[in-house]
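Trainee: I'm new to this one and would like a close look at a single part of it. Could you pick a spot, start there and walk me outward, residue by residue?

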Amino acid sequence: PMEKYVVKDGDTLWAISQQSGIYSDSFQWPLIFKTDRDLIQDPDQITPGQVLMIQKEQSVEQVKHARQLASDTPAFVHHDEPRASLPVNYF
């Protein structure tokens, strides 16, 4: 099942993923990025009002893979433009 989430001011994929009712685990944010790849160019840049689809009921392997990708992602560094290449291959 899919669930809609409207991005609020100050939201990050990390914070959205952490929310109870989403995944309750910030390290699962790559799942949101993958599901909404058509809307999100750079996982560090989401905008208020964007409607993201949250895919529920991920497999154990998908969750494990997402957590590994999140762990492999370097610490956030502010940037104004989407990065030409992402630091990790999320797909």
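Mentor: Let's start at Gln 55, which counts as partly exposed because its relative accessibility is 27%, between the under-20% limit for buried and the over-50% limit for exposed. Please keep in mind as we go that this is a predicted model. Gln 55 sits in strand S2. If we set aside the residues within four places in sequence, Gln 55 has contacts with Pro 1, Met 2, Tyr 23 and Thr 35.

Now step back by one residue to Ile 54. With residues up to four places away in sequence left out, Ile 54 touches Pro 1, Met 2, Glu 3, Tyr 5, Ile 16, Ile 22, Tyr 23 and Ile 32. Three names in that list, Ile 16, Ile 22 and Ile 32, come back when we turn to the largest nonpolar core. That core has 20 residues, and the ones touching the most other members are Leu 13, Ile 16, Ile 22, Ile 32, Leu 52 and Ile 54. Two or more residues of this core come from each of these elements: helix H1 (13-18), helix H2 (29-35), strand S2 (51-55) and H3.

From Gln 55 we can also look across to Gln 28. The two are 27 residues apart in sequence, and their C-alpha atoms are 11 Å apart in space. Gln 28 belongs to the loop between H1 and H2. Is Gln 28 buried or exposed? Gln 28 is buried, because its relative accessible area is 10%, and buried means under 20%. Beyond its neighbours within four places in sequence, Gln 28 is in contact with Ser 17, Tyr 23, Val 63, Ala 66 and Arg 67. Tyr 23 was also on the contact list of Gln 55, and Ser 17 will return in a moment.

Ser 26 shares this loop between H1 and H2. Ser 26 has a relative accessible area of 7%, so this residue is buried too. Apart from neighbours within four places in sequence, Ser 26 makes contact with Trp 14, Ser 17 and Gln 18.

Trp 14 leads us to the aromatic rings. Searching the whole structure gives four aromatic pairs. One of them joins Trp 14 and Phe 27 edge-to-face, with 4.9 Å from centre to centre and 65° between the planes. Trp 14 lies in helix H1 and Phe 27 in the loop between H1 and H2, so to speak two distant parts of the chain, 13 residues apart, linked by the pair. Trp 14 is partly exposed, with a relative accessibility of 43%, and Phe 27 is partly exposed as well, at 28%.

Another pair is made by Phe 33 and Phe 91: their ring centres are 5.2 Å apart and the planes meet at 50°, so this pair is tilted. Phe 33 is in helix H2 while Phe 91 is in the segment after H3, so the pair ties together parts 58 residues apart in sequence. Phe 33 is buried, with a relative accessible area of 0%, whereas Phe 91 is partly exposed, at 48%. Both rings belong to a cluster in which ring pairs link Trp 29, Phe 33, Tyr 90 and Phe 91.

Let's finish on helix H3. H3 has 13 residues and spans 18 Å from its first C-alpha to its last, close to the expected 18 Å. Buried in H3 are Val 63, Ala 66, Leu 69 and Ala 70. Where do these buried residues fall when we look down the axis of H3? They keep within an arc of 125°, so they line one face of the helix. In general, an α-helix has 3.6 residues a turn, so residues three or four places apart point the same way. The face of H3 turned away from the buried side carries the exposed residues Val 60, Glu 61 and Lys 64. The cover over the buried residues includes H2.

Leu 69 gives a closer view of that buried face. Leu 69 lies in H3, which covers residues 60-72, and counts as buried because its relative accessibility is 7%. Outside its neighbours within four places in sequence, Leu 69 is in contact with Pro 30, Val 88, Asn 89 and Tyr 90. Tyr 90 is one of the rings in the aromatic cluster.

Notes. Residues numbered from 1 in each chain as written. Predicted model: local features only at pLDDT ≥ 70, side-chain atom pairs only at ≥ 80, totals over all residues. Heavy atoms only, no water. Helix = DSSP H or I, 4+ residues; strand = E, 2+ residues; numbered from the N terminus. Buried < 20%, exposed > 50% of the residue type's maximum accessible area, 1.4 Å probe, protein only. Contact = heavy atoms within 4.5 Å. Core = buried A, V, L, I, M, F, W, Y, C linked by side-chain atoms within 4.5 Å. Phe/Tyr/Trp six-rings, centres within 6.5 Å; stacked < 30°, edge-to-face > 60°. Expected span 1.5 Å × (residues − 1). Arc of directions from axis to C-beta.
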